[in-house]
Amino acid sequence: MVNEKLATFSLTNNFNLIRIFAAIQVALAHSASHLEIQLPSCFNVLSLFPGVPIFFTVSGFLISNSFYRNPSWKEYSINRIVRIFPGLWFCFIILLLGLFATRVLTFDTLFSSYFWRWVFCQISFFQFYTPDFLRTWGVGAPNGSLWTIPVEIQFYVFLPFIYFVHKYLSKRNWLVFCSFLIVVVLFLNYFYRTLDVNLMFAKLYHVTLAPFLAYFLLGYFSFIFWKYIRTWVEGKFLIWVIIYGVYIGLVYFKLGLYDGSYYPNFFGWISNVFLSMLVLSAAFTNGTLSEKILRGNDLSYGIYLYHMVVVNILIDLKVTSNKLLLALSITFILAYISWKLVEKPCLSLKSTCKKVILN
């Protein structure tokens with residue numbers, strides 16, 4: 001069934017702008033919380049546009065398009081590695097410098113097995129691991145936001161699987177499979193809500209794709225059925241703002257039925273569907289806006305990578321004034337440096353890497 005023609009979408013879109021909005025939402029929320037800054041109440045509205053679910057949904061849409069257009073395991077793997085790891089490794093170098101500068105790490109640490117075990121986890125795909133000797137630094141995790149990296153990598157592995165299922169099923173059986181998959185992921189989400197979050201099993205479950213797969217599938221299904229939903233999305237940003245705003249106003253503020261966690265209730269999932277439509281409509285309404293504002297720069301990944309490193313350093317140094325401004329300013333500077341010196345050059349070398357590896 002995959003051979004059935006898939007609808008294309010405009011490459012002139014606002015996804016970079018959406019990602020930087022999502023990254024800023026996460027950075028602002030984390031920085032204000034850990035630095036104990038009370039934001040004006042008007043900033044509370046940002047919590048209704050959670051960055052991590054937006055990232056996962058956008059990823060589901062864009063990565064699906066990439067693999068379906070060219071289902072080559074090697075090229076797909078190269079693309080994902082080049083996008084994730086150069087920036088991640090550069091951020092880790094900055095983190096190490098911060099740890100040495102604040103004397104959390106010393107020369108003697110370099111000869112310990114637990115240090116190198118942690119290094120391996122950070123440069124591979126176990127970023128959620130934090131050894132005891134780092135629990136006293138900052139908030140207790142050197143870069144706690146990176147738990148999403150292994151989840152995202154699991155999405156990358158899952159996508160080819162669902163592609164090949166899609167490829168060999170008839171249209172009717174594929175729709176049955178999709179329905180079954182939706183039921184499964186909703187159950188997985190509900191299952192996590194029943195767990196004691198202090199249990200080791202719950203902590204490990206949290207860094208699997210299971211409780212977050214629904215967000216990725218919202219993007220995936222939006223891509224797969226794009227030819228059916230595009231007329232309801234393209235150029236309809238203001239309409240979806242109104243729909244989402246009315247729903248939130250009624251269900252959340254008026255009736256108190258909305259659950260805004262990563263593992264929401266039934267009303268929360270309806271909200272997530274509306275939010276995903278809002279995100280897609282933002283991407284394809286006035287699609288040149290992103291280029292006009294960002295000029296081809298994509299700082300979203302860097303903002304996400306660096307903000308908690310900066311926050312932890314500020315906490316360790318006991319900075320007391322202009323904490324939030326400093327945290328966000330330094331984060332943006334590091335994100336810009338990372339984009340210009342590491343991420344963008346590595347992305348430009350993507351075609352060269354493909355030629356070397358594939359040949």
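Is Arg295 buried or exposed?

**Exercise 1. Classify Arg295 and Arg103.**

Start with the ground rules. This is a predicted model, in which local features need pLDDT of at least 70, side-chain atom pairs count only at pLDDT 80 or more, and totals for chains, interfaces and linings use all residues. Residues are numbered from 1 along each chain as its sequence is written, and side-chain values use heavy atoms, with hydrogens and water left out.

Step 1. Apply the accessibility classes: buried is under 20% relative accessible area, exposed is over 50%, and partly exposed lies in between (1.4 Å probe, protein chains only). Arg295 has a relative accessible area of 63%, so Arg295 is exposed.

Step 2. Locate Arg295. It sits in the loop between α12 and α13. Helices here are DSSP runs (H or I, at least four residues), as are strands (E, at least two), numbered from the N terminus.

Step 3. Check the backbone. Arg295 is not a glycine, yet its phi is positive, about 55°.

Step 4. Repeat for Arg103. Its phi is also positive, about 65°, and Arg103 is not a glycine either. Arg103 lies in the loop between α3 and α4 (113-123). With a relative accessible area of 72%, Arg103 is exposed.

**Exercise 2. Trace the salt-bridge network around Asp298.**

Step 1. Set the criterion: a side-chain nitrogen of Lys or Arg within 4 Å of a carboxyl oxygen of Asp or Glu. The whole structure has four salt bridges.

Step 2. Take Arg19 and Asp298. Their side chains form a salt bridge at 3.6 Å, N to O. Arg19 is in helix α1 (residues 15-34), while Asp298 is in the loop between α12 (289-294) and α13 (300-316), 279 residues apart. Asp298 is buried, at 5% relative accessibility.

Step 3. Add Arg83. Its side chain meets that of Asp298 in a salt bridge of 3.1 Å, N to O. Arg83 belongs to helix α3 (residues 73-101) and Asp298 to the loop between α12 and α13, so this pair ties together parts 215 residues apart in sequence.

Step 4. Follow Arg83 to Glu343. Their closest N and O atoms are 3.4 Å apart, in another salt bridge. Glu343 is in helix α14 (residues 323-348) and Arg83 in helix α3, so the pair joins parts 260 residues apart in sequence. Both Arg83 and Glu343 are buried.

Result: Arg19, Arg83, Asp298 and Glu343 are linked in a salt-bridge network.

**Exercise 3. Describe two helix pairs.**

Step 1. Choose the descriptors. Two packed helices are described by the angle between their axes and the distance between the axes. Axes are lines fitted to C-alpha atoms, for helices over the stretch in contact, and angles run from 0 to 180 degrees between N-to-C directions. Under 35 degrees counts as roughly parallel, over 145 as roughly antiparallel, 65 to 115 as roughly perpendicular, and the rest as oblique.

Step 2. Take α10 (residues 237-254) and α11 (residues 266-283). Their axes come within 8 Å and cross at roughly 160°. The two are therefore roughly antiparallel.

Step 3. Take α3 and α13. They pack at about 15°, with axes 10 Å apart. These two are therefore roughly parallel.

**Exercise 4. Place Phe212.**

Step 1. Find the element: Phe212 is in the loop between α7 and α8 (213-224).

Step 2. Classify Phe212. At 0% relative accessibility, Phe212 is buried.
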